[in-house]
Amino acid sequence: MTQLDLTFAALSDPTRRAILSRLSKGEASVTQLAEPFDLSLPAISKHLKVLQKAGLITQGREAQWRPCRLEARPLKQAADWIDHYRKYWEESFDKLDSYLHEIQSKERKRGRKN
Amino acid sequence: MAEKTSTAQTTADALELVINRTFNAPRDLVWRAWTDPEMLKVWSAPRGFTIPRSEGELRINGPWRATMVKPDGEELNLGGTYLEIVEPERLVFTHMWMDENWNPTSPYSVCTVTLTARGNKTEMNFRQGGFESEESRDGHSEGWIECFDKLEELLSA
């Protein structure tokens, strides 16, 4: 699996997205992260493991409460990937636009001849 | 030059790309441009790219494939499967980059093309996303948007 695969797979779950959203506001402990959800701590830990494996979060070792922290770089990579597609399609659609014109003017010419 | 209205955005909740455009052409023609492999060869790649190969079976679960040649001569294979075909208004297909043996090399995404007739013009709504399942898109979108706002801050910090 590439980093992108890992990122998109990790992002494919609403609970994990909500966890990232919470972490974007600052560090949080596992208990704090579990609060808004109707999920057990082990269930939350499972989600955290997926996020950790994808490199989207890190968990501190130093403090007693082992705070989780958002790592922005892989998310940026995913956003860049989408942006790359935006350019790809915008340019293609410019070509489609001219192509549609070309076809129609050819058809009109043919129509006049008949 | 044609009247061109275009907007593009990345919707944060689903990491989805959305592009809206209005083409000065009837809907049937735009539909053909999206579904006829020969017509796709002409336009469906960025500037400077050529498409020597384009084929597809326009049926549900039918495959499509194309080979693109980049301006520097490098060949790129891509392809996918048709998921929904509602002529002439809605086309849904998967989209993947592939290696020389047609094995996927990228996460697959889902493209949805919706065409709406406006007189002799056609409004197109193009979406690319589907890096996740439909049901997982429920709720949390607000939080996700917030997350991206914060991400931007983080990245620019």
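Contact here means heavy atoms within 4.5 Å. With that cut-off in hand, the tour below moves through a predicted model, starting at a tryptophan in chain B.

**Stop 1: Trp34(B)**

Select Trp34(B) and display its neighbours, leaving out residues up to four places away in sequence. From chain A, Trp34(B) touches Trp89(A), Phe93(A) and Leu96(A). Its partners in chain B are Leu40(B), Trp43(B), Leu91(B), Phe93(B), Val113(B), Met124(B) and Phe126(B).

Now widen the selection to the nonpolar core. The largest one has 41 residues, and the members that touch the most others are Trp89(A), Phe93(A), Trp34(B) and Phe126(B). Which element gives this core its largest share? Helix H5 of chain A, residues 73–113, does so with 11 residues. A second core, separate from this one, holds 20 residues, including Ala28(A), Leu51(A), Leu70(A) and Leu75(A). As a general background, nonpolar side chains in soluble globular proteins tend to be buried together.

**Stop 2: Thr35(B)**

Move one residue along to Thr35(B), which belongs to helix H1 of chain B, residues 27–35. Is Thr35(B) buried or exposed? Its relative accessible area is 11%, under the 20% limit, so Thr35(B) counts as buried. Show polar contacts: the Thr35(B) side chain reaches the backbone oxygen of Trp31(B) at 2.8 Å. Beyond four places in sequence, Thr35(B) touches Leu40(B), Leu58(B) and Leu91(B). Leu40(B) and Leu91(B) also appear among the contacts of Trp34(B).

**Stop 3: strands E2 and E8 of chain B**

Select residues 16–23 of chain B, which form strand E2. Seven of the eight residues in this strand are buried. Add residues 121–129, strand E8 of chain B: E2(B) and E8(B) pair in the antiparallel sense, over seven bridges. To find one point of register, pick Ile19(B); its bridge partner in E8(B) is Phe126(B). Phe126(B) was met at the first stop, as one of the core residues that touch the most other members.

**Stop 4: loops with marked backbone geometry**

Stay in chain B and go to the loop between strand E5 (75–86) and strand E6 (90–98), where Pro88(B) lies. The peptide bond leading from Glu87(B) to Pro88(B) is cis, with omega near -5°.

Next, select Asn61(B), in the loop between strand E3 (50–56) and strand E4 (63–69) of chain B. Asn61(B) is not a glycine, yet its phi is positive, near 70°. At 53% relative accessible area, Asn61(B) lies over the 50% limit and is therefore exposed.

Chain A offers another case. Arg66(A) sits in the loop between strand E1 (57–59) and strand E2 (68–70) of chain A. Its phi is near 40°, again a positive value in a residue other than glycine. Why is Arg66(A) classed as partly exposed? Its relative accessible area is 30%, so Arg66(A) falls between the 20% and 50% limits.

**Stop 5: cysteines**

Pick Cys68(A) and then Cys111(B). Cys68(A) is buried at 0% relative accessibility. Cys111(B) is buried as well, with a relative accessible area of 0%. How many disulfides does the structure hold? Over all chains the count is zero.

**Stop 6: the chains as wholes**

Colour by secondary structure and take chain A on its own. Chain A has five helices and two strands, in the order α-α-α-α-β-β-α along the sequence. Of its 114 residues, 46% count as buried. Among contacts in chain A with a separation of 6 or more, 50% join residues 24 or more positions apart. The accessible surface of chain A is about 6300 Å², and 50% of that belongs to carbon and sulfur atoms.

Switch to chain B, with three helices and eight strands. From the N terminus, the elements of chain B run β-β-α-α-β-β-β-β-β-β-α. Chain B has 157 residues, and 45% of them are buried. For contacts in chain B between residues at least 6 apart in sequence, 35% join residues at least 24 apart. Chain B exposes about 7900 Å², with carbon and sulfur atoms supplying 47% of this area.

How values were computed. Residues are numbered from 1 along each chain as its sequence is written. Chains are lettered from A and ligands numbered from 1 in the order in which they are written. This is a predicted model: local features need pLDDT of at least 70, side-chain atom pairs count only at pLDDT 80 or more; totals for chains, interfaces and linings use all residues. Side-chain values use heavy atoms; hydrogens and water are left out. Helices (H or I, at least four residues) and strands (E, at least two) are DSSP runs, numbered from the N terminus. Buried means under 20% relative accessible area, exposed over 50%, partly exposed in between (1.4 Å probe, protein chains only). A polar contact is a pair of N or O atoms within 3.5 Å; within protein, one must be able to donate a hydrogen and the other to accept it, and residues adjacent in sequence count only if both atoms are side-chain atoms. A disulfide is a pair of cysteine sulfur atoms within 2.5 Å. Two strands pair if DSSP finds at least two bridges between them. Accessible areas come from the Shrake-Rupley method with a 1.4 Å probe; for residues, only the protein chains shown count as cover. A nonpolar core is a set of buried Ala, Val, Leu, Ile, Met, Phe, Trp, Tyr and Cys residues joined through side-chain atoms within 4.5 Å.
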